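Work through the exercises below with the structure open. Each task is followed by a solution in steps.

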Protein chains: 4
Amino acid sequence: MPSTIGRILKLTTFGESHGAALGGVVDGFPAGITIDMDFITKEMARRRPGSTKLGTTRKEGDEPRILSGIYKGRSTGTPIGFIIENTSQRSSDYSSIEHLYRPGHADLGYDMRYGFRDPRGGGRSSGRETACRVFGGALAKLLLRESGISVDAGVVEVGGIKAEDYVWTPPFPGPLNAPQNRNLERMIEAVEKAKSEGESVGGIIECHATGMIPGLGDPVFDKLDATISHAVMSIGAVKGIEFGAGFAVAGMKGSENNDAMRISDGRIVFLTNNAGGILGGISTGADIIFRVAVKPTPSIAKEQLTVTDSMEESTIEVHGRHDPAIVPRAVSVVEAMTALVIADHLLIKRAYDR
Amino acid sequence: MPSTIGRILKLTTFGESHGAALGGVVDGFPAGITIDMDFITKEMARRRPGSTKLGTTRKEGDEPRILSGIYKGRSTGTPIGFIIENTSQRSSDYSSIEHLYRPGHADLGYDMRYGFRDPRGGGRSSGRETACRVFGGALAKLLLRESGISVDAGVVEVGGIKAEDYVWTPPFPGPLNAPQNRNLERMIEAVEKAKSEGESVGGIIECHATGMIPGLGDPVFDKLDATISHAVMSIGAVKGIEFGAGFAVAGMKGSENNDAMRISDGRIVFLTNNAGGILGGISTGADIIFRVAVKPTPSIAKEQLTVTDSMEESTIEVHGRHDPAIVPRAVSVVEAMTALVIADHLLIKRAYDR
Amino acid sequence: MPSTIGRILKLTTFGESHGAALGGVVDGFPAGITIDMDFITKEMARRRPGSTKLGTTRKEGDEPRILSGIYKGRSTGTPIGFIIENTSQRSSDYSSIEHLYRPGHADLGYDMRYGFRDPRGGGRSSGRETACRVFGGALAKLLLRESGISVDAGVVEVGGIKAEDYVWTPPFPGPLNAPQNRNLERMIEAVEKAKSEGESVGGIIECHATGMIPGLGDPVFDKLDATISHAVMSIGAVKGIEFGAGFAVAGMKGSENNDAMRISDGRIVFLTNNAGGILGGISTGADIIFRVAVKPTPSIAKEQLTVTDSMEESTIEVHGRHDPAIVPRAVSVVEAMTALVIADHLLIKRAYDR
Amino acid sequence: MPSTIGRILKLTTFGESHGAALGGVVDGFPAGITIDMDFITKEMARRRPGSTKLGTTRKEGDEPRILSGIYKGRSTGTPIGFIIENTSQRSSDYSSIEHLYRPGHADLGYDMRYGFRDPRGGGRSSGRETACRVFGGALAKLLLRESGISVDAGVVEVGGIKAEDYVWTPPFPGPLNAPQNRNLERMIEAVEKAKSEGESVGGIIECHATGMIPGLGDPVFDKLDATISHAVMSIGAVKGIEFGAGFAVAGMKGSENNDAMRISDGRIVFLTNNAGGILGGISTGADIIFRVAVKPTPSIAKEQLTVTDSMEESTIEVHGRHDPAIVPRAVSVVEAMTALVIADHLLIKRAYDR
């Protein structure tokens with residue numbers, strides 16, 4: 001199901017960067033939920049290009065138009081179809097590189113997979129596709145909100161500068177979508193410097209799901225961490241994910257890594273959270289915590305070695321209105337994919353509650 | 001589909017550590033493939049407890065019995081059912097901890113999810129479940145072998161000691177399943193030390209798929225890296241995955257991270273492989289390379305703080321025949337899950353080749 | 001997956017009768033197929049209200065707008081999103097029956113399932129939803145055409161009048177979409193009579209898939225007949241399906257029902273086709289033949305006994321522009337669902353051809 | 001998913017008639033359900049060859065062995081694996097027909113689909129496969145029983161003799177599994193006559209689900225009738241299905257076919273049940289009623305025209321211990337598939353209940 005994700009709460013998406021419109025369908029959404037359009041609009045705005053002075057100056061009209069599944073302001077339980085019209089395409093920007101494979105881009109892969117490709121603005125592989133994910137994620141968040149679950153993410157490293165001594169008090173405003181911390185200025189400078197050099201930088205996003213209900217996740221293959229990984233790793237530019245202590249477990253002993261348990265106010269609490277809130281693929285009630293690695297924007301102004309689709313060597317410089325860092329705008333996409341997965345597990349669990 | 005993974009090549013598994021048997025079904029496997037039982041037996045042996053002097057002395061009879069789908073030594077295209085009888089259970093080992101949640105274990109999660117649990121040896125969450133994955137993976141490898149694709153993994157870090165200057169010449173024999181390298185002795189010592197102290201250590205496994213066919217992967221949700229992540233992150237004890245440059249992208253510039261392309265012998269080659277062989281979620285033909293973080297065995301002899309299933313505080317020491325490091329035995333499981341995913345994508349791609 | 005059907009070729013739909021628009025996504029459609037818009041338009045026209053003088057005078061703007069997945073007139077392999085705007089709603093027609101359950105309609109079921117319902121024009125359960133099916137079916141037919149497979153249906157009984165001595169030479173023009181036959185005039189009269197009486201009539205549609213490729217179908221659960229049945233029985237108003245000899249097998253002996261085989265021109269031919277072209281759930285190469293029962297339009301002008309959604313007894317007369325028989329317009333929908341299923345099986349089989 | 005059926009309650013099966021064993025996995029079964037082994041054994045016995053004096057004298061050891069998912073007599077929520085060993089194969093019976101396509105059998109289809117086939121006893125296409133379905137159905141019935149839902153079927157026509165004036169008081173004992181009725185003796189004689197002539201006869205099974213919960217079914221594709229049709233039409237030998245008035249709707253008027261509603265004891269009741277308990281694909285609370293057509297056993301002793309797998313014309317007589325009518329033994333299989341589908345919908349609905 002390449003364009004559909006989820007088991008009973010499903011998001012299906014379609015659309016290319018420079019086609020008529022993008023859109024999709026949210027299916028399996030419960031009936032009777034009040035659809036807070038202000039909230040959805042705000043979520044969409046967080047992802048939109050031009051939403052931060054650090055990013056592209058390209059403007060996209062990201063107004064989703066809901067076509068079905070809602071009556072008198074509430075969901076009806078039937079599929080919620082939506083479209084986002086494309087209005088600001090400049091297809092001519094891309095004609096010069098139609099037959100060149102841009103390094104770090106999906107151009108080559110699509111030709112190998114489909115033998116035929118819409119080259120305008122990256123076509124289906126464009127980051128613009130994530131607008132549909134954020135729309136779906138906004139609906140999922142409305143559902144989670146009813147159960148007291150929040151999903152928030154922020155940038156904790158960019159251009160090699162790590163956020164230090166940060167406190168997790170989302171949401172994180174500002175151009176970087178990063179938590180307040182000692183290095184925030186240096187992080188911003190790293191992005192600005194890359195921009196001025198025609199370069200780009202990568203970074204790391206941290207995501208927390210709080211107010212978690214224990215018991216979400218379906219071993220042995222649809223574990224909570226496995227399905228979150230599937231969803232989040234399907235975001236373009238994401239190259240890695242780690243839960244809790246993550247790769248640091250390689251240097252830890254069992255006695256250090258195991259999270260000790262105590263009772264507090266009649267509930268189980270963990271003295272540490274190296275597990276990232278998940279044991280055996282099932283939520284424990286502790287916060288879900290994970291981090292994802294986001295690569296530098298592949299479109300850079302510097303000359304790069306590449307090849308053409310007729311197997312000739314060439315060079316390329318990718319000019320245009322590109323973000324020097326994908327990281328800040330990817331924050332809302334990571335949240336959206338995580339919210340969709342958790343909401344799906346929540347519904348599945350309800351099917352089995354007695 | 002909690003116990004089924006794959007889209008058209010599917011593995012379904014069942015079985016608890018101390019039940020009558022484990023087993024499963026491989027469905028959608030092509031007809032006419034010669035089933036090399038020697039190969040399957042060898043793959044199973046690589047995962048088996050007691051296969052390395054570093055691990056548990058527990059012996060498990062991991063002989064899979066194939067019940068269907070094969071006629072005169074070849075696959076018939078119908079589902080391949082198999083079971084692995086449980087013969088070496090010592091259920092009494094576990095009676096003392098039936099009502100205690102072992103730190104780092106799935107006990108708590110299962111109670112939260114199902115409200116009822118088979119406590120013997122971890123039940124469904126036992127690492128023994130992975131025997132079924134290795135069986136399915138062995139079949140997938142037979143399929144990939146026909147297309148010239150190999151999947152191999154090895155330990156590149158354990159107990160905080162990194163393999164240095166290693167050459168990738170799999171398979172990697174020896175107790176650690178690690179490539180030959182400057183620190184191999186120190187890596188082995190780290191595990192032995194943990195064992196002698198009643199402790200455990202974590203590590204990192206690297207996996208390569210070579211001989212790759214370009215064009216495998218199905219954007220936007222069933223990208224090759226997303227589906228491998230789902231499959232690999234569903235292995236117990238795995239806490240992170242990163243492809244190519246992975247988390248190091250956070251400190252790289254676009255010009256460093258993008259893999260330049262040239263033509264060699266009429267084929268596209270990449271001068272670096274920071275992408276790990278995948279662009280836009282589709283294989284490029286370069287080797288797939290990823291690493292996974294494996295946590296220390298949660299069962300340790302040291303006293304730990306925990307709680308009971310009736311919400312009382314307690315302490316626990318987990319004695320028994322446990323591996324001081326899961327990493328060496330997880331190598332074949334990582335390969336198996338990866339082989340299953342790639343074989344599934346290979347079949348899907350064939351459906352669309354013209 | 002309530003709003004998605006198919007295994008690798010998938011149709012997802014959304015939309016209510018009186019919402020902003022209907023639409024959907026065709027996913028898994030192969031790249032490089034020329035999209036014949038004239039053909040798609042003609043297919044849509046066959047289903048459209050007002051397409052026959054026997055039916056409703058209600059006009060619907062059924063122009064599908066394709067939003068993605070097509071570039072320079074050919075499919076790109078990415079999802080094909082489409083919408084059909086709703087332009088001719090008269091919501092006020094329905095306000096008087098918002099709280100009445102119309103007999104034979106889905107109103108009651110939706111309230112039981114979702115607890116909340118869009119009552120305008122039947123909402124999601126409106127026959128208008130089938131426009132999206134016909135769009136998807138038209139794409140599937142383009143795919144089947146490349147392999148020489150045709151899917152055609154026609155009305156063979158309506159209002160109790162059976163088509164007699166008909167020859168199968170599709171397509172079947174005229175108001176009934178019925179094959180030329182001895183009783184054609186009587187069939188038309190039966191519908192006209194029902195219309196004049198404020199009544200409605202049911203009927204039977206026969207469907208043939210010709211030029212079949214042997215070997216389509218996936219036992220034991222995704223047999224060709226089982227998946228066609230799923231798809232066709234999901235059409236509103238369809239109450240039964242039978243393949244080949246169908247229910248008549250109850251009176252046949254094995255020696256009568258078994259289709260004898262001979263060789264002709266080097267190919268296997270069947271002397272009869274009681275199997276309807278399917279044995280063991282797999283196509284044999286003979287024509288697929290099945291019939292479906294379509295109930296009378298539930299909306300009738302006569303007074304009927306019913307209840308309200310607050311559990312009070314009442315009566316109802318459903319006035320409006322309703323078809324006196326659903327059968328003629330359901331012909332293209334039956335074809336569409338069948339074409340989608342066969343195309344899906346065709347792609348799956350290709351995945352396994354060597 | 002050829003060998004898996006269901007959305008969250010899933011049955012996966014494997015096994016050939018003359019392989020080592022058949023078996024399968026029931027996944028998504030709720031935890032904490034008491035597993036009534038006596039009931040399961042009785043259900044298995046109803047399907048078993050030799051269970052009726054009218055059928056084959058072949059004995060099969062149909063004892064299912066449960067391997068997982070149950071602890072202390074209750075389900076744990078993890079997959080329930082089971083096998084049924086094959087003990088009574090006489091492979092030599094079939095050697096003479098290895099290269100002949102038996103008319104009415106799946107032999108040809110399997111060769112076309114897979115290019116390779118286990119010919120012994122029909123291999124995967126053997127009716128013996130349905131033992132796994134009955135096992136899965138027995139578990140589903142245990143689940144439905146908790147909600148007060150029963151699923152029962154009986155033979156209402158065989159060899160052209162219709163049950164007349166029968167009362168629906170299941171279960172129906174006796175050799176035919178038919179309800180007591182005026183023609184019962186004649187029905188039995190029809191089967192006995194066919195048997196004595198080396199012939200076989202077809203028939204019709206009626207199935208009722210009573211105690212139904214309203215609101216089960218998921219439009220627009222996973223409607224209750226569509227998914228029951230999928231499941232039931234996947235049973236070998238079933239050639240048609242009709243709900244409620246079924247094919248008779250072709251001769252009915254809207255005013256006759258619509259089921260009028262009244263209130264009785266505060267609940268909605270229908271004065272007729274032409275809908276078969278389903279409107280718009282959703283259960284109304286009325287009994288689900290449908291009928292299925294079952295073809296005559298294709299294995300008959302009479303000489304028939306056929307071809308070989310090397311494209312030569314031939315004749316065949318199929319001797320062996322075959323049932324003269326499949327209908328009586330198919331009764332429990334129809335119930336099983338229906339119970340699985342309804343239980344799956346029941347769980348899905350719970351996910352959305354608030």
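**Exercise 1. A salt bridge between chains**

Task: Find the salt-bridge partner of D:R113, place both residues, and decide whether each is buried or exposed.

Solution.
- Step 1. The partner is C:D218; the closest N and O atoms are 2.5 Å apart. The model is predicted, and this distance is computed from it.
- Step 2. The pair crosses between chains. D:R113 sits in helix α2 (residues 107–114) of chain D, while C:D218 belongs to the loop between β10 and α5 of chain C.
- Step 3. Buried means under 20% relative accessible area. D:R113 has 6%, so D:R113 is buried. C:D218 has 3%, so C:D218 is buried.
- Step 4. Side chains of opposite charge can pair when their charged atoms come close.

**Exercise 2. Bridges within a chain, and a network**

Task: Which side chain meets C:D222 in a salt bridge, and how many residues apart are the two?

Solution.
- Step 1. C:R7 is the partner, at 3.6 Å from N to O.
- Step 2. The pair links distant parts of the chain, 215 residues apart. C:R7 lies in the loop between β1 (4–5) and β2 (10–14) of chain C. C:D222 lies in the loop between β10 (203–210) and α5 of chain C.
- Step 3. Both C:D222 and C:R7 are buried.
- Step 4. Turn to chain B. B:R133 and B:E129 form a salt bridge at 2.6 Å, N to O. Both of these residues are buried.
- Step 5. Now look for a network. Salt bridges link A:R7, A:D218, A:D222, A:D344 and B:R113. Over all chains, the whole structure has 108 salt bridges.

**Exercise 3. Helix α5**

Task: Describe how α5 and α7 of chain A cross, then state how many residues of α5 in chain C are buried.

Solution.
- Step 1. In chain A, the axes of α5 (residues 224–233) and α7 (residues 327–352) come within 9 Å and cross at roughly 145°. The crossing is right-handed.
- Step 2. The contact uses A:L224, A:T227, A:I228, A:A231 and A:V232 of α5(A). From α7(A) come A:M337, A:T338, A:V341, A:I342 and A:H345.
- Step 3. An α-helix has 3.6 residues a turn, so residues three or four places apart point the same way.
- Step 4. In chain C, 10 of the 10 residues of α5 are buried. Among them are C:L224, C:H230 and C:M233.

**Exercise 4. Backbone geometry**

Task: Where do cis peptide bonds and positive phi values occur in these examples?

Solution.
- Step 1. Most residues other than glycine have a negative phi, and most peptide bonds are trans.
- Step 2. B:P170 and B:P171 are joined by a cis bond, omega about 0°. The bond from C:P170 to C:P171 is also cis, with omega near 0°. B:P171 lies in the loop between β9 (161–162) and α4 (184–196) of chain B.
- Step 3. A:D265 has phi near 55°, in the loop between β12 (261–264) and β13 (267–270) of chain A. Its relative accessible area is 78%, so A:D265 is exposed.
- Step 4. C:D165 has a positive phi of about 55°, in the loop between β9 and α4 of chain C. At 59%, C:D165 is exposed.

**Exercise 5. Surroundings of D:F270**

Task: Is D:F270 buried or exposed, and which residues does D:F270 touch?

Solution.
- Step 1. D:F270 lies in strand β13 (residues 267–270) of chain D.
- Step 2. Relative accessibility is 18%, so D:F270 counts as buried.
- Step 3. Beyond four places in sequence, its contacts include C:L108, D:M261 and D:L279.

How values were computed
Residues numbered from 1 in each chain as written. Chains lettered and ligands numbered in written order. Predicted model: local features only at pLDDT ≥ 70, side-chain atom pairs only at ≥ 80, totals over all residues. Heavy atoms only, no water. Helix = DSSP H or I, 4+ residues; strand = E, 2+ residues; numbered from the N terminus. Buried < 20%, exposed > 50% of the residue type's maximum accessible area, 1.4 Å probe, protein only. Contact = heavy atoms within 4.5 Å. Axes fitted to C-alpha atoms, helices over the stretch in contact; angles between N-to-C directions. Left-handed = near helix turned anticlockwise from the far one by under 90°. Salt bridge = Lys/Arg side-chain N within 4 Å of Asp/Glu carboxyl O.
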